Amino acid sequence: MEGVYFDSSVVDRSILFAEQLALTKCTRSGYPETLRLLPHSLKLVANLLGWKKPDGSRLHRKSYWSVARKNTKTQTVAFLADFMFFMDPEPEQEIYIAAKEQEQAGLCYEAALAMIRTNEELEDLVDVKEYKKLIIHKETGSRLKAVSSEGKSKH
């Protein structure tokens with residue numbers, strides 16, 4: 001596609017944003033640690049967010065990412081959801097953390113929420129509906145929600 005370009009400033013912002021968050025589970029020390037994107041996670045973030053169309057919008061709107069067990073899939077997807085939720089300029093976004101099973105979607109949602117709760121400034125910007133697995137951004141109206149394909153009415 002003509003005019004496609006790579007915006008490295010988005011990748012730089014994502015790294016800075018990650019450094020404002022902490023992992024509360026699955027850390028080597030057993031204590032909360034600053035979130036640092038591993039090389040394979042950073043590559044995903046860069047490819048999804050860095051490539052732009054000539055009008056400045058993201059080139060990629062969907063992605064399939066597969067890595068082996070125990071390679072921070074949940075934390076990376078939770079981080080991406082949080083980054084889009086807070087840093088993407090689009091108002092009233094609908095961000096879904098989707099999984100085949102509600103339990104897996106819930107794990108990723110809980111990781112995203114835990115990251116938000118490690119930063120007081122971000123936590124003040126949201127309204128959390130625990131029973132719905134829903135986070136609402138008070139200023140933009142954006143929503144981050146966990147969903148699954150369980151149930152007859154879901155696709």
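The following exercises, each with a worked solution, concern a predicted model.

**Exercise 1. The length of helix α3**

Determine which span is expected for helix α3 and compare it with the distance between the end C-alpha atoms.

Solution. Helix α3 covers residues 73–87, a run of 15 residues. The expected span is 1.5 Å times one less than the number of residues. For α3 this gives 21 Å, and the end C-alpha atoms lie 20 Å apart, so the two values agree.

A second helix can be treated in the same way. Helix α4 has 16 residues. The distance from its first C-alpha to its last is 22 Å, close to the expected 22 Å.

**Exercise 2. Burial in α3 and α4**

State how many residues of α3 are buried, and identify buried residues in α3 and in α4.

Solution. The step needs one cut-off: a residue is buried when its relative accessible area is under 20%. In α3, 11 of the 15 residues meet this condition, and the helix is mostly covered. Among them are the aromatic positions Phe79, Phe83, Phe85 and Phe86. The buried set of α3 also includes Gln75, Thr76 and Asp82.

In α4, the buried residues include Ala105, Gly106, Cys108 and Tyr109. Further along α4, Leu113, Met115 and Ile116 are buried as well.

**Exercise 3. Two threonines**

For Thr76 and Thr118, decide whether each is buried, partly exposed or exposed, and name the residues that each touches.

Solution. Begin with Thr76, which is part of helix α3. Its relative accessibility is 3%, and therefore Thr76 counts as buried. Leaving aside residues up to four places away in sequence, Thr76 touches Ser41, Leu44 and Trp65.

Turn next to Thr118, which sits in the loop between α4 (102–117) and α5 (120–124). Its relative accessibility is 31%, and therefore Thr118 counts as partly exposed. With residues up to four places away in sequence again left out, Thr118 touches Leu21, Ala22 and Thr24.

A final step relates Thr118 to helix α3 through Phe83, one of the buried residues of that helix. Thr118 and Phe83 are separated by 35 residues in sequence and by 14 Å in space, C-alpha to C-alpha.

**Exercise 4. The meeting of α1 and α3**

Describe how the axes of α1 and α3 are arranged, and which residues meet where the two helices are in contact.

Solution. Helix α1 comprises residues 8–18. The axes of α1 and α3 come within 11 Å and cross at roughly 110°. Angles of 65 to 115 degrees count as roughly perpendicular, and α1 and α3 are therefore roughly perpendicular to each other.

The contact can now be filled in. From α1 come Val10, Arg13, Ser14, Phe17 and Ala18; from α3 come Phe79, Asp82, Phe83, Phe86 and Met87. Sorted by class, the contact has seven nonpolar residues, one polar residue and two charged residues.

**Exercise 5. Salt bridges**

State how many salt bridges the model contains, and examine the pairs formed by Glu90, Glu123 and Asp127.

Solution. The count is six salt bridges. In one of them, the side chains of Glu90 and Arg61 meet at 4.0 Å, N to O. This pair links distant parts of the chain, its members being 29 residues apart: Glu90 is in the loop between α3 and β5 (94–99), and Arg61 is in the loop between β4 (51–52) and α3. Glu90 is partly exposed at 39% relative accessibility, whereas Arg61 is exposed at 54%.

Another pair joins Glu123 to Arg117, with the closest N and O atoms 3.7 Å apart. Glu123 is partly exposed at 33%, and Arg117 is partly exposed at 39%.

The pair of Asp127 and Lys129 has its closest N and O atoms 3.2 Å apart. Asp127 is partly exposed at 31%, and Lys129 is partly exposed at 26%. Elsewhere, salt bridges that share partners join Arg117, Glu123 and Glu130 into one network.

**Exercise 6. Positive phi angles**

Locate Glu92 and Lys133, and give the phi angle of each.

Solution. Glu92 lies in the loop between α3 and β5. Although Glu92 is not a glycine, its phi is positive, at about 50°. Glu92 is exposed, with a relative accessible area of 61%.

Lys133 belongs to the loop between β6 (126–129) and β7 (134–137). Lys133 is not a glycine either, and its phi is positive at about 50°. Lys133 is partly exposed, with a relative accessible area of 23%.

Terms used:
Residues are numbered from 1 along each chain as its sequence is written. This is a predicted model: local features need pLDDT of at least 70, side-chain atom pairs count only at pLDDT 80 or more; totals for chains, interfaces and linings use all residues. Side-chain values use heavy atoms; hydrogens and water are left out. Helices (H or I, at least four residues) and strands (E, at least two) are DSSP runs, numbered from the N terminus. Buried means under 20% relative accessible area, exposed over 50%, partly exposed in between (1.4 Å probe, protein chains only). Contact means heavy atoms within 4.5 Å. Axes are lines fitted to C-alpha atoms, for helices over the stretch in contact, and angles run from 0 to 180 degrees between N-to-C directions. Angles under 35 degrees count as roughly parallel, over 145 as roughly antiparallel, 65 to 115 as roughly perpendicular and the rest as oblique. Ala, Val, Leu, Ile, Met, Phe, Trp, Tyr, Cys and Pro count as nonpolar, Asp, Glu, Lys and Arg as charged, and the others, Gly among them, as polar.
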